Amino acid sequence: MFLYMRMTEMFSDHLSTTGAYPEKFILSTGLHRQYLRDWVRMRQLVTTRIDPTNHMGVPIEISDITPNVMVAADGAEVSLVSPEA
């Protein structure tokens with residue numbers, strides 16, 4: 001569930017720093033598959049409804065051209081994947 005938690009952490013950090021929701025997350029096809037696997041695991045742990053097309057209310061876009069970023073409220077792209085990965 002690393003990806004799900006990483007996205008949650010980035011969302012929380014962005015919200016507390018800027019007071020605004022990120023614009024969106026952009027995931028590659030492969031990373032989106034991983035997100036869906038994480039999402040299925042979260043559904044087993046959480047009783048509230050989770051939407052696989054949004055992460056905490058932020059839309060998820062699938063693109064293999066500009067993959068694996070969170071688009072901040074100001075349009076800046078922040079990588080979801082650490083450089084060591």
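A residue counts as buried when its relative accessible area is under 20%, as exposed when that area is over 50%, and as partly exposed in between. By this rule Arg6, with a relative accessible area of 23%, is partly exposed. The views below show a predicted model.

**Figure 1. Salt bridge between Glu9 and Arg6 in helix α1.** In this predicted model, Glu9 and Arg6 form a salt bridge whose closest N and O atoms are 3.7 Å apart. Both residues belong to helix α1, where they are 3 residues apart and therefore separated by about one helical turn. Glu9 has a relative accessible area of 43% and is partly exposed. Arg6 is also found among the residues touched by Leu80, a residue that returns in Figure 5. How many salt bridges does the count come to? The count comes to 3 salt bridges, and the other views of this kind follow in Figures 2 and 3.

**Figure 2. Salt bridge between Glu61 and Lys24.** The side chains of these two residues meet with an N to O distance of 2.8 Å. Glu61 is a residue of strand β3 and Lys24 is a residue of strand β1, so this pair ties together parts of the chain that are 37 residues apart in sequence. Glu61 is partly exposed, at 33% relative accessibility.

**Figure 3. Salt bridge between Arg41 and Asp38 in helix α2.** The closest N and O atoms of Arg41 and Asp38 are 3.4 Å apart. The two residues lie 3 residues apart in helix α2, which is about one turn of the helix. Is each partner buried or exposed? Arg41 is partly exposed, with a relative accessible area of 42%. Asp38 has a relative accessible area of 2% and is buried, because buried means under 20%. Asp38 also takes part in the contact of α1 with α2, shown in Figure 4.

**Figure 4. Crossing of helices α1 and α2.** Two packed helices are described by the angle between their axes and by the distance between those axes. Here the axes of α1 and α2 come within 7 Å and cross at roughly 90°. Helix α1 is therefore roughly perpendicular to helix α2, since angles of 65 to 115 degrees count as such. Which residues make the contact? Helix α1 contributes Phe2, Leu3, Tyr4 and Met7, while helix α2 contributes Leu31, Gln34, Tyr35, Asp38 and Met42. These residues divide into 7 nonpolar, 1 polar and 1 charged. Phe2, a residue of helix α1, is exposed at 62% relative accessibility. Phe2 and Asp38 are 36 residues apart in sequence, and their C-alpha atoms are 7.8 Å apart in space.

**Figure 5. The largest nonpolar core and the surroundings of Leu80.** This core has 16 residues, of which Met7, Phe25, Leu27, Tyr35, Ile60 and Leu80 touch the most other members. Two or more core residues come from each of α1 (2-18), β1 (24-27), α2 (29-45) and β3 (58-62). Which element gives the largest share of the core? Helix α1 does, with 5 residues. Residues up to four places away in sequence being left out, Leu80 touches Arg6, Met7, Met10, Phe25, Ile26, Leu27, Asn68, Val69 and Met70.

**Figure 6. Ile62 of strand β3 and its contacts.** Ile62 lies in strand β3 and is partly exposed, with a relative accessible area of 46%. Apart from neighbours within four places in sequence, Ile62 is in contact with Leu27, Ser28, Thr29 and His32. The C-alpha atoms of Ile62 and Ser28 are separated by 5.6 Å, although the two residues are 34 residues apart along the chain.

**Figure 7. Met56, a residue with positive phi.** Most residues other than glycine have a negative phi. Where is Met56 found? Met56 is found in the loop between β2 (54-55) and β3. The phi of Met56 is near 55°, a positive value in a residue other than glycine. Met56 is partly exposed, with a relative accessible area of 41%.

**Figure 8. Arg43 of helix α2 and Ser79.** Arg43 has its place in helix α2 and is partly exposed, with a relative accessible area of 39%. Arg43 and Ser79 are 36 residues apart in sequence, and the distance from C-alpha to C-alpha is 25 Å. For Phe2 and Asp38 in Figure 4, also 36 residues apart in sequence, the corresponding distance is 7.8 Å.

Notes
Residues numbered from 1 in each chain as written. Predicted model: local features only at pLDDT ≥ 70, side-chain atom pairs only at ≥ 80, totals over all residues. Heavy atoms only, no water. Core = buried A, V, L, I, M, F, W, Y, C linked by side-chain atoms within 4.5 Å. Buried < 20%, exposed > 50% of the residue type's maximum accessible area, 1.4 Å probe, protein only. Contact = heavy atoms within 4.5 Å. Salt bridge = Lys/Arg side-chain N within 4 Å of Asp/Glu carboxyl O. Axes fitted to C-alpha atoms, helices over the stretch in contact; angles between N-to-C directions. Parallel < 35°, antiparallel > 145°, perpendicular 65-115°, else oblique. Nonpolar A, V, L, I, M, F, W, Y, C, P; charged D, E, K, R; others polar.
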